[in-house]
Amino acid sequence: MADKDSIQKIIAEGASYAKLERHKEAISFFDKAIKQDPENTDVLYNKGMSLLALKKNKDAASCFEKIISLDPNHTDALNNLGNHHAESQEFAKAVTYYDRALANNPNYIPALYNKGIASIRLEKYDDAINCLNKVLEQEPENMQATYYKGLVLGKQKKHEEALSYFDKILTKEPDNNEAIFYKATELSELGRHQEAIEIFDKILKEHPKNGTIIYAKARSKALLGQNDDALILLAQAISHYGKTIKKWAATDLAFDKIKGDSRFKTVVK
């Protein structure tokens with residue numbers, strides 16, 4: 001094994017290339033260090049991060065797994081393994097890794113945030129809120145955590161509270177299109193359809209072929225009893241997103257009053 005100073009110098013050179021986003025060169029240095037010290041968790045982690053930057057996710061996961069075999073409590077590696085499984089849609093497995101990371105450090109924001117997102121995908125909304133609250137306790141201005149908390153509150157039918165979170169985002173980021181859309185969605189859920197439609201119209205000026213926005217506007221029109229407009233908009237939305245919109249409309253309670261209309265059946269068939 002080479003002396004520690006020599007290995008650290010090689011790692012430092014690799015890290016300097018990684019900072020410049022020259023990850024292939026960085027990995028060549030990390031590999032030299034690993035060859036001399038195969039159980040060095042720092043260099044394995046650096047190599048894993050450079051592999052992630054190159055979108056070589058499986059190879060990166062192998063690095064993180066090697067780290068865990070050497071140090072079962074390596075919080076960063078556990079979090080990254082959780083992310084690997086989340087990207088593979090294995091959300092329950094991802095949560096097990098986030099939980100292991102949080103067992104080591106209950107306030108570790110990356111694992112709290114990532115567990116929150118995975119919990120949303122698992123429809124475990126109370127768990128998601130718990131994680132996002134812990135993130136926001138430490139980082140009150142974390143807009144991503146604020147956004148996802150707003151989404152979860154909407155799914156829990158807490159529409160007034162959800163609206164307040166999207167409003168908070170928009171005071172900081174007035175051009176955040178996702179927050180704008182979900183603000184309009186929450187207004188619609190609260191029966192404030194005209195306000196929602198005004199927002200949908202602003203979005204459609206920039207994105208006139210966005211089927212999701214057109215569909216949302218159609219819902220509000222139907223709930224206002226403006227059935228002709230609703231049917232025209234629904235047909236437009238279907239022209240862009242086809243089967244997906246038809247599936248939504250067929251089960252959407254917003255259209256219940258016009259589902260007996262022959263025009264609705266023609267559009268959605």
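In which helix is asparagine 83 found?

**View 1. Asparagine 83 and its contacts in helix H5.** Asparagine 83 is found in helix H5 of this predicted model. Looking beyond residues up to four places away in sequence, you will see asparagine 83 touch Tyr98 and Asn114. Alanine 118 makes a handy landmark here: asparagine 83 and alanine 118 are 35 residues apart in sequence, and their C-alpha atoms are 9.2 Å apart in space.

**View 2. Lysine 47, a buried lysine in helix H3.** Helix H3 holds lysine 47. The relative accessibility of lysine 47 is 18%, and the cut-off for buried is under 20%, so lysine 47 counts as buried. Leaving out residues up to four places away in sequence, the residues that lysine 47 touches are Ile27, Phe30, Asp31, Ile34 and Cys63.

**View 3. Lysine 32 over the ring of phenylalanine 29.** Here is another lysine to look at. Lysine 32 lies over the face of phenylalanine 29, and its distance from the ring centre is 4.9 Å.

**View 4. Two loop residues with positive phi, lysine 55 and glutamine 89.** Most residues other than glycine have a negative phi, which makes a nice backdrop for this pair of close-ups. Lysine 55 is not a glycine, yet its phi is positive, at about 65 degrees. To find lysine 55, follow the loop between helix H3 (41–53) and helix H4 (57–70). With a relative accessibility of 72%, lysine 55 counts as exposed. Glutamine 89 also has a positive phi without being a glycine, with a value near 65 degrees. Glutamine 89 sits in the loop between helix H5 (75–87) and helix H6 (91–104). The relative accessible area of glutamine 89 is 49%, so glutamine 89 is partly exposed.

**View 5. An edge-to-face aromatic pair, phenylalanine 181 and tyrosine 182.** The structure holds twelve aromatic pairs. In the pair shown here, the ring centres of phenylalanine 181 and tyrosine 182 are 4.9 Å apart and the planes stand at 70 degrees, so the arrangement is edge-to-face. Phenylalanine 181 is buried, with a relative accessible area of 15%, whereas tyrosine 182 counts as partly exposed at 27% relative accessibility. Step back a little and you can pick out one aromatic cluster formed by Tyr113, Tyr147, Tyr148, Phe166, Phe181, Tyr182 and Phe200.

**View 6. Helices H11 and H12, roughly antiparallel.** Helix H11 spans residues 177–189 and helix H12 spans residues 193–206. The two pack at an angle of about 155 degrees, with 7 Å between their axes. H11 and H12 are therefore roughly antiparallel to each other, and their crossing is left-handed. On the H11 side, Ile180, Phe181, Lys183, Ala184, Thr185, Leu187 and Ser188 take part in the contact. Their partners in H12 are His193, Glu195, Ala196, Ile199, Phe200 and Ile203. Phe181 and Phe200 will be familiar as members of the aromatic cluster.

**View 7. Helices H11 and H13, roughly parallel.** H11 packs with H13 at an angle of about 20 degrees, and their axes are 10 Å apart. That makes H11 roughly parallel to H13. The contact brings Phe181, Ser188 and Glu189 of H11 together with Thr212, Ile213, Ala216, Arg219 and Ser220 of H13. H11 passes H13 in a left-handed crossing.

**View 8. Helices H13 and H14, an oblique pair.** Helix H13 (residues 211–223) packs with helix H14 (residues 227–251) at about 135 degrees, and their axes are 8 Å apart. H13 and H14 are therefore oblique to each other, with a left-handed crossing. The contact includes Gly211, Thr212, Ile214 and Tyr215 on the H13 side. Among the residues on the H14 side are Leu233, Leu234, His240, Tyr241 and Trp248.

**View 9. Threonine 212 in helix H13.** Let us finish with a single residue of H13. Threonine 212 is partly exposed, with a relative accessible area of 24%. Setting aside residues up to four places away in sequence, threonine 212 touches Phe181, Tyr241 and Trp248. Phe181 belongs to H11, while Tyr241 and Trp248 are in H14. For a sense of scale, threonine 212 and isoleucine 109 are 103 residues apart in sequence and 32 Å apart in space, taken from C-alpha to C-alpha.

Terms used. Residues numbered from 1 in each chain as written. Predicted model: local features only at pLDDT ≥ 70, side-chain atom pairs only at ≥ 80, totals over all residues. Heavy atoms only, no water. Phe/Tyr/Trp six-rings, centres within 6.5 Å; stacked < 30°, edge-to-face > 60°. Buried < 20%, exposed > 50% of the residue type's maximum accessible area, 1.4 Å probe, protein only. Lys NZ or Arg CZ within 6 Å of the ring centre and 35° of its normal. Axes fitted to C-alpha atoms, helices over the stretch in contact; angles between N-to-C directions. Helix = DSSP H or I, 4+ residues; strand = E, 2+ residues; numbered from the N terminus. Parallel < 35°, antiparallel > 145°, perpendicular 65-115°, else oblique. Left-handed = near helix turned anticlockwise from the far one by under 90°. Contact = heavy atoms within 4.5 Å.
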